[in-house]
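Please consider the following model, beginning with its domains and proceeding to its nonpolar cores and one loop residue.

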Amino acid sequence: MIALPEPAWFVGCGNMAGAMVDGWRKAGADLSGVTVIRPSGTPVEGVRTVTAYPAGDKPVFVMLGFKPQKLDEVVPSLAPLVGSNCIVVSLLAGVSAETLRARFPSARFVVRAMPNLAVSERLGVTGLHAVEDDLEARELVEGLMSALGLAPWFETEAELGALGAVAAAGPAYVARFAAAMAAGGEALGLPADLSRQIADKTLVGTAALAAKGESMESIARRVASPRGTTEQGLRVLDASDGLQPLVDRMLEAAVRRGRELAEEAARHG
Ligand SMILES: NC(=O)c1ccc[n+]([C@@H]2O[C@H](COP(=O)([O-])OP(=O)(O)OC[C@H]3O[C@@H](n4cnc5c(N)ncnc54)[C@H](OP(=O)(O)O)[C@@H]3O)[C@@H](O)[C@H]2O)c1
């Protein structure tokens, strides 16, 4: 059975950490040793939720689930509670392992985890990066994240940034593409609501084919018969000024922002 180390504190638990809690619950994980600390105290299903750090036992596992901009606000009160037996898992986009280590100097192990929203369905992608050699801690974190989907390690922060641009932000990009398909269907005369349902179902159906192991190339090939209608559409997407340069620009913008966030976080160190 998957069990979070006790006591575990999730500091901030909104969209992302909440999605991870959902995924672990679906995996049947033992969350009895987890406490969520968030200013609003808004309950998180399946875990104890409080507004201030619990007195008494210090945590052996801390997951940072607030926005990167809140680091300065959180560190002064949290860092003194993070001792040499505590693993710190940071979800903070763009905040480097080096910056985190400087903020939590006593921590046993500092690891960056870059998940995406589909962790709630245990179909997520969570990139992992750590600089320290603590095999036991690495295995523990990998075990927890693997319960939520694919969880590869990356040697460099640049690779983690690339993973973040593709996978962490990915559900938003895929969602936008489906929404554009729906709007396009409407422009072709479909009723708006039906067009949205059709686009959403097309996305889910394609994902189901991919989930069975079929490659994207194969899916496209099986749909596009020679000289047929799909082939004409693909020609537009595949043109030198088509989808790929647009996606490249989209990813570059996300990576750039990640670098800016990293610089901001390091400056405030
Ligand atoms: N969303 C994604 O797809 C995604 C993907 C990868 C990584 N991330 C990373 O995950 C982190 C959280 O993003 P999110 O989308 O989950 O944000 P969110 O939904 O806004 O959640 C932020 C959480 O931080 C809490 N918080 C705010 N101030 C705090 C403080 N001073 N101390 C403790 N907790 C505080 C909030 O508590 P209240 O609600 O009680 O105010 C809330 O639970 C970010 O660092 C982001 O870079 C997000």
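**Domains, cores and a buried loop residue**

In this predicted model, the domain assignment of the protein gives domain 1 as residues 8-154 and domain 2 as residues 170-258. A distance of 33 Å separates the C-alpha centres of domain 1 and domain 2.

The largest nonpolar core has 34 residues, of which L4, F10, W24, F61, M63, V89 and M145 touch the most other members. At least two residues of this core come from each of the strands β1 (8-11), β2 (34-37), β4 (61-64), β5 and β6 (109-114), and likewise from each of the helices α1 (15-26) and α4 (135-146). Helix α1 makes the greatest contribution to this core, with five residues. A second core, separate from it, consists of 22 residues, including F66, L78, C86 and F104.

M145 offers a view of the packing around one core member. Neighbours within four places in sequence being left aside, M145 is in contact with M20, W24, V89, A113, T126, L128 and A151.

The discussion now turns to a loop. V95 is placed in the loop between β5 (87-90) and α3 (97-103). Is this loop residue buried or exposed? V95 has a relative accessible area of 0% and is therefore buried, the cut-off for burial being under 20%. When residues up to four places away in sequence are not counted, V95 touches P68, L71, L100, R112 and A265. The C-alpha atom of V95 also lies 7.6 Å from that of A266, although 171 residues separate V95 and A266 along the chain.

Notes. Residues are numbered from 1 along each chain as its sequence is written. This is a predicted model: local features need pLDDT of at least 70, side-chain atom pairs count only at pLDDT 80 or more; totals for chains, interfaces and linings use all residues. Side-chain values use heavy atoms; hydrogens and water are left out. Domain bounds come from an automatic or database domain assignment. Helices (H or I, at least four residues) and strands (E, at least two) are DSSP runs, numbered from the N terminus. Buried means under 20% relative accessible area, exposed over 50%, partly exposed in between (1.4 Å probe, protein chains only). Contact means heavy atoms within 4.5 Å. A nonpolar core is a set of buried Ala, Val, Leu, Ile, Met, Phe, Trp, Tyr and Cys residues joined through side-chain atoms within 4.5 Å.
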